[in-house]
Amino acid sequence: MKRTFRFLPLVMLISWVGMAQVQAQRPYELIDELENLQRADQLPTYRSGEYIGQISSYDRTGGNDDGFDGTHSFIRKENGHLVIADFQGPGVVNRIWTPTPTDDTLAFYFDGEPQARLRIRFSDLFSGEVFPFVKGLSGNEIGGYYTYLPIPYEKSLKIVFEGEKMLFHQIQYRELPGKKVRSWSRDYSQQERKKIEQVANLWQEGTADMEQFSVGKSAAPELSEKTIVIAPGEEKLLFEDANGGRIVGLELEAGTGFEGIYKDVLLQGIWDKEEQPAIYAPVADFFGYAYGKKEMRGLLMGSTAQMNYSYIPMPYDSSAELKLIYKERAGVDQSPISVRVRVYHNQQARDHNTEGKLYTHWKREQPKKGSYHEFLVMKGRGHYVGTIHLAQGLRAGMTLFFEGDDVTKIDGEQRLHGTGSEDYYNGGWYALLDRWDRGISLPVHGSLDYSLPMGRTGGYRFFMSDKMPFEKDIYHVMEHGPEGNEFPVDYTSIAFYYGEELGVEPTEPTEDLREVYLPKEHQYFPQLMEVTLGGGAKVHHERGLRIQSDNHHTVRVMLSDVPEGTYKLSINYFEKPEGADFAIWQRQKEIADWRGTGANAEQLKEKVEMGEIVITPQTNSITFHVRKNQEFGEEFELERIFLDRID
């Protein structure tokens with residue numbers, strides 16, 4: 001018996017060694033990357049020794065030609081075609097984005113092979129019609145076309161655009177040194193096909209649901225549930241644990257309690273009795289509200305009509321504390337808020353060697369001219385997993401501040417450089433109809449509102465397969481304006497990252513910083529005007545709003561988004577040989593009497609004052625009456641509408 005027991009550990013040891021060797025030799029392949037797109041529980045896991053990078057069409061001169069002319073959209077030419085990427089492996093492409101797909105062919109050459117292993121129309125990377133680039137993993141919205149289908153390569157990957165001109169693009173990849181990677185192949189196993197279908201369904205149809213993420217280290221969560229009522233000046237505990245474990249889900253139901261222009265309720269999280277909170281931000285900002293209203297509805301975080309939710313894992317070593325803090329505001333009547341709280345948690349303590357703790361960095365600022373807005377600038381080890389960003393312009397007009405690029409340096413080396421702010425959020429073409437023109441939520445990215453009259457927008461993006469690891473430091477910033485960080489802005493952001501410790505000092509959300517900025521100057525541009533035609537009026541959107549009337553017709557323009565109040569109304573319009581006469585009314589009240597726009601030569605009349613109007617939810621429109629001018633013509637061309645608040 002003694003000899004038997006001495007022998008068994010040796011057998012087990014040999015078995016374990018053999019299993020470890022087999023596991024070490026198992027190729028890293030497509031299904032491993034697909035897991036990253038489905039498993040929130042893997043977000044805390046470090047990626048030591050791996051390196052993120054991105055090839056994009058950004059202007060290398062520092063200007064704003066990030067793809068308009070195709071100057072910076074390729075590396076070199078080969079056989080009359082454009083090489084847009086040439087990666088040395090092992091590695092994997094995690095994300096491809098463009099706002100300008102064409103029907104030209106993309107050819108993917110793997111591992112130095114002379115023939116392309118994958119040839120596909122550029123547009124079919126995103127159409128959802130060609131397997132494995134299926135809907136959910138691939139798609140388009142808010143002006144941008146994207147695919148998150150992983151494309152692994154063992155030795156190298158060269159991507160060639162077989163067309164005359166390539167425009168905007170971003171190709172994000174990850175280097176996997178030391179791993180045996182199995183290159184992409186058309187021969188998908190049944191297991192791979194099933195996994196692609198699972199991930200595609202999750203991304204296409206997924207709703208806010210803790211159950212879909214209750215796997216791996218987030219499995220078998222317990223539910224702590226209660227209702228609290230919090231009044232101004234109070235702090236209320238949501239959850240407390242004196243042992244190691246992890247919070248895997250947080251749901252707060254408060255009706256409209258967190259809405260409005262005052263963001264006075266804060267969420268605070270402290271792990272392991274650390275001196276500084278790991279989470280410290282207005283609840284509204286944390287859950288992706290936009291300027292006082294619920295907006296974000298992603299897979300991992302957001303809000304529904306009833307519930308605010310987060311399913312991003314929060315592991316800790318020995319203790320955890322979550323609380324709400326209701327800050328008092330001078331001169332404002334603040335009401336108590338009733339909150340239904342659900343915290344999902346288990347006893348799976350953090351693995352020190354392989355996992356980080358979740359930290360957030362909330363920041364609101366008006367960055368100085370020439371300075372970037374910093375999402376996260378810190379020293380230490382970790383990986384970046386998410387951005388929520390509210391972008392308010394401080395100068396009325398077009399949202400040119402969203403021309404700014406994102407820039408990321410990791411461990412002292414620039415690894416990513418974007419092509420525009422909405423591009424970072426997988427969007428494109430702000431201020432164009434059915435593109436980046438409103439708030440739209442998708443699984444891991446989206447637009448947070450878009451309003452030209454208010455001069456504001458925002459976006460969010462969470463990084464699952466494409467999370468950004470760093471060993472020593474990270475510098476992750478965003479420009480404001482096309483060049484030189486010159487556009488005056490008010491930016492609010494929350495950066496989500498995992499690490500060993502809090503890497504940057506928390507910002508205190510003071511009373512001023514907790515209030516939504518409301519501009520007093522507003523502009524309406526023709527391309528996004530909401531118009532209603534009266535009678536036989538004809539309208540064309542080109543450089544302006546051209547209203548044609550062969551008799552006397554009306555066109556109503558909605559003045560949405562702006563706060564209630566009294567405003568001075570001014571307009572830009574063209575005088576020209578075809579010019580008609582116009583008058584302006586607000587429902588049954590005349591604002592401006594008839595005036596002509598006929599002239600022998602065309603000229604733009606700028607900011608011509610028309611009168612005063614009162615904006616309420618019932619009177620948020622003006623109506624243009626247009627009649628034919630017998631001497632000149634029957635066309636009135638409106639270039640812009642201005643509102644200046646006077647009360």
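Modeller: A definition first: Ala, Val, Leu, Ile, Met, Phe, Trp, Tyr, Cys and Pro count as nonpolar, Asp, Glu, Lys and Arg as charged, and the others, Gly among them, as polar. Please keep in mind that this is a predicted model.

Biologist: Thanks! How do the residues of the lining of the largest pocket divide into nonpolar, polar and charged?

Modeller: The largest pocket has a volume of about 910 Å³. Its lining has 34 residues, and the closest to its centre are Asp449, Tyr450, Ser451, Ser560 and Asp561. Sorted by class, the lining divides into 17 nonpolar, 8 polar and 9 charged.

Biologist: Which element gives the most to the lining of the largest pocket?

Modeller: Two strands each supply at least two residues of this lining, β30 (445-451) and β35 (521-524). With 3 residues, the one that gives the most is β30.

Biologist: You named Asp561 close to the pocket centre. Is Asp561 buried, partly exposed or exposed?

Modeller: Asp561 sits in the loop between β39 (552-558) and β40 (565-575). Asp561 has a positive phi of about 85° although it is not a glycine. Buried means under 20% relative accessible area and exposed means over 50%. Asp561 has 47%, so the word for it is partly exposed.

Biologist: And Lys273, is that residue buried or exposed?

Modeller: Lys273 is not a glycine either, yet its phi is positive, at about 55°. Its place is the loop between β17 (265-271) and β18. The relative accessible area of Lys273 is 72%, so by the cut-off of over 50% this residue is exposed.

Biologist: Let's step back to the whole protein. What radius of gyration does it have, and what would a compact globule have?

Modeller: The C-alpha atoms fill a box of roughly 115 × 70 × 40 Å along the principal axes. The protein has a radius of gyration of 28 Å, which agrees with the value for a compact globule of 647 residues, near 26 Å.

Biologist: What share of the contacts with a separation of 6 or more joins residues 24 or more positions apart?

Modeller: The protein has 5 helices and 45 strands. Of its 647 residues, 57% count as buried. Among the contacts you ask about, the share from residues 24 or more positions apart is 78%.

Biologist: Now to the enclosed spaces. Which elements give two or more residues to the lining of the largest cavity?

Modeller: There are 7 cavities of 30 Å³ or more, and the largest has a volume of about 90 Å³. Lys263, Tyr291, Arg364, Leu390, Gln392, Asp490, Thr492, Val516 and Tyr517 line it. The elements giving two or more of these residues are β26 (382-393) and β34 (489-499).

Biologist: How many charged residues are in the lining of the second largest cavity?

Modeller: This cavity holds about 60 Å³ of space, and its lining residues include Pro277, Tyr280, Trp362 and Leu502. The largest share of the lining, 3 residues, comes from β24. By class there are 8 nonpolar and 3 polar residues, and the number of charged ones is none.

Biologist: One last thing: where is Pro90 placed?

Modeller: Pro90 follows a cis peptide bond from Gly89, with omega near 5°. Another cis bond runs from Phe131 to Pro132, with omega near 10°, and Pro132 is in the loop between β7 (129-130) and β8 (133-134). As for Pro90, its place is the loop between β3 (81-88) and β4 (91-98).

Terms used:
Residues are numbered from 1 along each chain as its sequence is written. This is a predicted model: local features need pLDDT of at least 70, side-chain atom pairs count only at pLDDT 80 or more; totals for chains, interfaces and linings use all residues. Side-chain values use heavy atoms; hydrogens and water are left out. On a 1 Å grid over the protein atoms alone, a cavity is a set of points where a 1.4 Å probe fits but cannot get out, and a pocket is an open set with protein on both sides within 12 Å along at least five of seven lines; lining residues have an atom within 4 Å of a point. Grid points are joined across faces, edges and corners, and a volume is the space filled by probe spheres set on the points. Helices (H or I, at least four residues) and strands (E, at least two) are DSSP runs, numbered from the N terminus. The radius of gyration is taken over C-alpha atoms; the globule rule is 2.2 Å times the number of residues to the power 0.38. Buried means under 20% relative accessible area, exposed over 50%, partly exposed in between (1.4 Å probe, protein chains only). Contact means heavy atoms within 4.5 Å.
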